[in-house]
Amino acid sequence: MQKDNKNLKQNEKPQKNVNFKHSNNPMSQNKKKPKPQNPKVNLSDDILTFTEQIANKANKPIKQPKQAVSANLAAEVERALKAMNVAENKNAVNQKQHKTQNQKPSQQKQRVNPPQKQVESIKLEQSTQKHPPQKSERRSTPVRIVSLGGLGEIGKNIYVYECSQDMFIIDCGLAFPDEDMLGVDIVIPDFTYLEKNKERIRGVVLTHGHEDHIGSLAYLLKKINVPVYGTRLTLGLVEGKLKEHGILKQCSLNIVEPRQTVKMGCMTVEFI
């Protein structure tokens with residue numbers, strides 16, 4: 001019996017002292033104790049203060065944020081930041097303008113007047129830019145060509161070149177009469193215009209020795225005594241006609257060579 005008692009004692013485990021609390025409500029024994037909850041972070045207050053600061057800088061009314069951070073709130077924050085940047089840029093520009101306005105009078109005081117010569121040169125440059133100098137145009141006197149015969153007819157070739165107060169004649173020919181000109185031997189040009197301007201005539205130039213170019217020269221030289229220019233052959237034919245009229249000695253015949261130039265007042269004639 002003693003052994004059995006020993007075995008029982010060994011098998012028995014020591015029991016801890018447990019204090020039981022009894023309550024009148026039997027259901028309270030089955031309830032579990034509530035777990036400790038983490039304290040909630042109230043973000044709305046922080047966001048509200050942040051948006052108030054932004055709105056005050058941008059001079060915009062405060063928009064009430066939502067309880068939680070959302071996309072709409074983020075967009076409002078970005079807009080407010082942009083408005084704040086724009087306002088800061090405007091303030092910076094106004095400050096710069098104010099500084100420049102304040103600095104202008106001081107710069108004007110320090111400015112030194114340039115010498116008078118430089119001022120005159122600057123004025124001349126400005127005037128030339130506004131009114132550029134006009135190129136001087138040379139007014140050339142026109143050359144007038146008058147035909148006293150030879151146009152629209154055969155023979156009687158005579159042309160007058162005029163420039164300023166100078167004149168010279170090219171050729172002085174005749175024409176033969178038509179069938180209806182009974183009793184007429186030759187037809188010569190009308191020299192009335194040449195007689196009125198005989199003081200302006202500088203000479204007669206002959207191109208060749210045909211009758212329609214030299215035939216009436218003797219009649220002209222009887223009224224107006226001017227020098228005659230032509231080649232050796234042409235002037236040889238002219239001499240015979242002048243002998244017939246008895247005026248060879250009082251006439252001036254001048255032989256020219258190819259590429260020779262003759263001065264006729266303000267005009268020059270080159271022989272080819």
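The structure, a predicted model, holds 1 aromatic pair. The rings of Tyr-161 and Phe-168 sit with centres 5.2 Å apart and planes at 10 degrees, so the two are stacked. A whole-structure search also returns 7 salt bridges. The largest nonpolar core has 24 residues, and a second, separate core has 11.

**Aromatic pair**

- A pair of aromatic rings is described by two quantities, the distance of the centres and the angle of the planes.
- For Tyr-161 and Phe-168 the angle is 10 degrees, which is under the 30 degrees cut-off for stacking, so the pair counts as stacked.
- Tyr-161 is partly exposed, because its relative accessibility is 24%.
- Phe-168 is buried, because its relative accessibility is 6%.

**Salt bridges**

- Side chains of opposite charge can pair when their charged atoms come close.
- Arg-144 and Glu-162 form one salt bridge, with 3.8 Å between the closest N and O atoms. Arg-144 belongs to strand S1 (residues 143-149) and Glu-162 to strand S2 (residues 158-163), so this pair ties together parts 18 residues apart in sequence.
- Glu-162 also meets Arg-200 in a salt bridge, at 3.6 Å from N to O. Arg-200 sits in the loop between helix H5 (192-196) and strand S4 (201-205), while Glu-162 is in S2, so the link spans 38 residues in sequence.
- Both Arg-200 and Glu-162 are buried. For Glu-162 the relative accessible area is 6%.
- Glu-195 and Lys-223 make another salt bridge, at 3.2 Å from N to O. Glu-195 is in helix H5 and Lys-223 is in helix H7 (residues 217-223), so parts 28 residues apart in sequence are tied together.
- Glu-195 is partly exposed, with a relative accessible area of 34%.
- Arg-144, Glu-162 and Arg-200 form one network through salt bridges that share partners.

**Nonpolar cores**

- Within the 24-residue core, the members that touch the most other members are Ile-169, Leu-194, Val-204, Leu-206, Leu-217, Leu-220 and Leu-221.
- S2, strand S3 (166-170), S4, H7 and helix H8 (232-245) each supply at least two residues of this core. H7 gives the largest share, 4 residues.
- The second core, of 11 residues, includes Cys-163, Val-256, Val-262 and Val-269.
- Beyond four places in sequence, Leu-206 touches Asp-171, Cys-172, His-213, Ile-214, Leu-217, Val-228, Tyr-229, Gly-230, Thr-234, Leu-235 and Val-238.

**His-213 and Gly-209**

- His-213 is found in helix H6 (residues 211-214). It counts as buried, because its relative accessibility is 13%.
- The side chains of His-213 and His-208 share a polar contact of 3.4 Å.
- With neighbours within four places in sequence left aside, His-213 is in contact with Asn-157, Asp-171, Cys-172, Gly-173, Leu-206, Thr-207 and His-208.
- Gly-209 lies in the loop between S4 and H6. Not counting residues up to four places away in sequence, Gly-209 touches Ile-214, Thr-234 and Leu-237.
- The C-alpha atoms of Gly-209 and Gly-230 are separated by 9.1 Å, and the two residues are 21 apart along the chain.

**Hairpin of S7 and S8**

- Strands S7 (residues 261-264) and S8 run antiparallel and are joined by 4 bridges. Thr-261 has Glu-270 as its bridge partner in S8.
- The hairpin has 2 residues between the strands, and Gly-265 takes a positive phi near 70 degrees.
- Strand S8 (residues 267-270) has a covered face of Met-267 and Val-269. Its uncovered face holds Thr-268 and Glu-270.
- Val-269, on the covered face, is also one of the members of the second core.

**Positive phi outside glycine**

- Ser-164 has a positive phi of about 55 degrees, although it is not a glycine. Its place is the loop between S2 and S3. Ser-164 is partly exposed, because its relative accessibility is 46%.
- Arg-259, also a residue other than glycine, has a positive phi near 70 degrees. Its place is the loop between strand S6 (253-255) and S7. Arg-259 counts as exposed, because its relative accessibility is 59%.

Methods
Residues are numbered from 1 along each chain as its sequence is written. This is a predicted model: local features need pLDDT of at least 70, side-chain atom pairs count only at pLDDT 80 or more; totals for chains, interfaces and linings use all residues. Side-chain values use heavy atoms; hydrogens and water are left out. Rings of Phe, Tyr and Trp (its six-membered ring) pair if their centres lie within 6.5 Å; planes under 30 degrees apart count as stacked, over 60 as edge-to-face and the rest as tilted. Buried means under 20% relative accessible area, exposed over 50%, partly exposed in between (1.4 Å probe, protein chains only). Two strands pair if DSSP finds at least two bridges between them. A salt bridge is a side-chain nitrogen of Lys or Arg within 4 Å of a carboxyl oxygen of Asp or Glu. A nonpolar core is a set of buried Ala, Val, Leu, Ile, Met, Phe, Trp, Tyr and Cys residues joined through side-chain atoms within 4.5 Å. Contact means heavy atoms within 4.5 Å. A polar contact is a pair of N or O atoms within 3.5 Å; within protein, one must be able to donate a hydrogen and the other to accept it, and residues adjacent in sequence count only if both atoms are side-chain atoms.
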